[in-house]
Amino acid sequence: MGDIVHREVQANGIRMHVAEAGSGFPVVFCHGFPELWYSWRHQLRALAEAGYRAIAPDMRGYGGTDAPEDPRQYTMKVLCADMAGLLDALGLERAVFVGHDWGGAVVWQMGLRYPERTAAIVGLNTPYAPPSNRRTTEALRDYHGLTDDTFYMRYFLRPGVAEAELEADIERTFHKVFMDWTRAEDFTTFMRVGGDGSGVLARIPDDRRSFLSDEEIAVYVEAYRKTGFRGGLNWYRAADLNAEEEGAPQGPQLHVPAMMITAANDTILKPEMAAAMPALIPGIRMEHLERCGHWTQQERPDEVNRLLLDFLAGRGLPQG
């Protein structure tokens, strides 16, 4: 990927690996679990070609970015300070923030915590929800009607347990994790920890079906063989700590230009979870992709790129 430049910067006290392409108004892409900057490769190219500066860090805990051991270093307050620190390190005043999965949670929080640095927000799959004093993993467990033994977020809280399962055969893990919309049932099995607490992967067939090529999966395998999964799992282990933050922004409304993209076959971040967003974010643009699972920007890159470029064009941002 010769047109994508890699660098390391110091941001919010950690060493951060960043991939970027192009010039023009900056657009920062925030990935989720268990991904890397690489999950935005299609968007980096498309936006660079359209005249934007596309920037995709390995988020805290992932890939070439530092991964503190303490879960308290992964709260939303810290993660958003990472993104503000990234702008500082790159000499940027503002950026558009685009996020998926946990990265989606970060970008909505950027609009609350750093509105002066957030030119616009695009969320994929992860809905905006006003800050709450409810514990995240418990609220989502109850929303899905599951238990501590059958909800993946609660399973991930047990130190060493998820690491042992996911790291036992990393290539097998990614073949099972990266499932397209036709495997929504398997994705639900992941969420339900097999339905019996046996593990998120235990009851997913070993048939190597993935929408990614073996070469693409190999990029993830190589990275996670070096780092393991603990850094990413620490995001879950910090999630409930957010409810304890003193002086956290309250919302409920978010006053930043925004677009939300939902995916019909994501059975964890269900489209209906975003139903209240037009009331919470005045003027938000709502888009929906049929025949799309959880890994939206990788599974449906052309459609995501089209929506992104159309949304950005309407913001009147300077291009390179």
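Here's a quick tour of the nonpolar core, one helix and some ring contacts in this structure. Keep in mind that the model is predicted. Its largest nonpolar core has 108 residues, and helix H3 (residues 102–113) gives the most to this core, with seven residues.

**The core**
- Phe29, Met83, Trp108, Tyr152 and Phe156 are the residues with the most contacts inside the largest core.
- Leaving aside residues up to four places away in sequence, Phe29 touches a list of residues including Trp40, Leu44, Pro57, Val98 and Leu308.

**Helix H13**
- Helix H13 (residues 301–313) has 13 residues, which should span 18 Å at 1.5 Å a residue, and its end C-alpha atoms are indeed 18 Å apart.
- Its buried residues are Pro301, Val304, Asn305, Leu307, Leu308, Phe311 and Leu312.
- Look down the axis of H13 and those buried residues fall within an arc of 165°, so they line one face of the helix.
- The face turned away from that buried side carries the exposed residues Asp302, Arg306 and Ala313.

**Rings meeting rings**
- The count of aromatic pairs comes to 27.
- One of them joins Phe33 and Phe229 edge-to-face, 6.4 Å centre to centre with 65° between the planes.
- Phe33 sits in the loop between S3 and H1, and Phe229 in the loop between H9 and H10, so this pair ties together parts 196 residues apart in sequence.
- Phe33 counts as buried at 5% relative accessibility, and Phe229 does too at 1%.
- Tyr155 and Phe156 make a tilted pair, 6.1 Å centre to centre and 45° between the planes; both residues are buried.

**Charges over rings**
- Arg41 has its charged end over the ring of Tyr38, 4.1 Å from the ring's centre.
- Arg315 lies over the face of Phe311, 4.8 Å from the ring centre.

Definitions and conventions
Residues numbered from 1 in each chain as written. Predicted model: local features only at pLDDT ≥ 70, side-chain atom pairs only at ≥ 80, totals over all residues. Heavy atoms only, no water. Core = buried A, V, L, I, M, F, W, Y, C linked by side-chain atoms within 4.5 Å. Buried < 20%, exposed > 50% of the residue type's maximum accessible area, 1.4 Å probe, protein only. Helix = DSSP H or I, 4+ residues; strand = E, 2+ residues; numbered from the N terminus. Contact = heavy atoms within 4.5 Å. Expected span 1.5 Å × (residues − 1). Arc of directions from axis to C-beta. Phe/Tyr/Trp six-rings, centres within 6.5 Å; stacked < 30°, edge-to-face > 60°. Lys NZ or Arg CZ within 6 Å of the ring centre and 35° of its normal.
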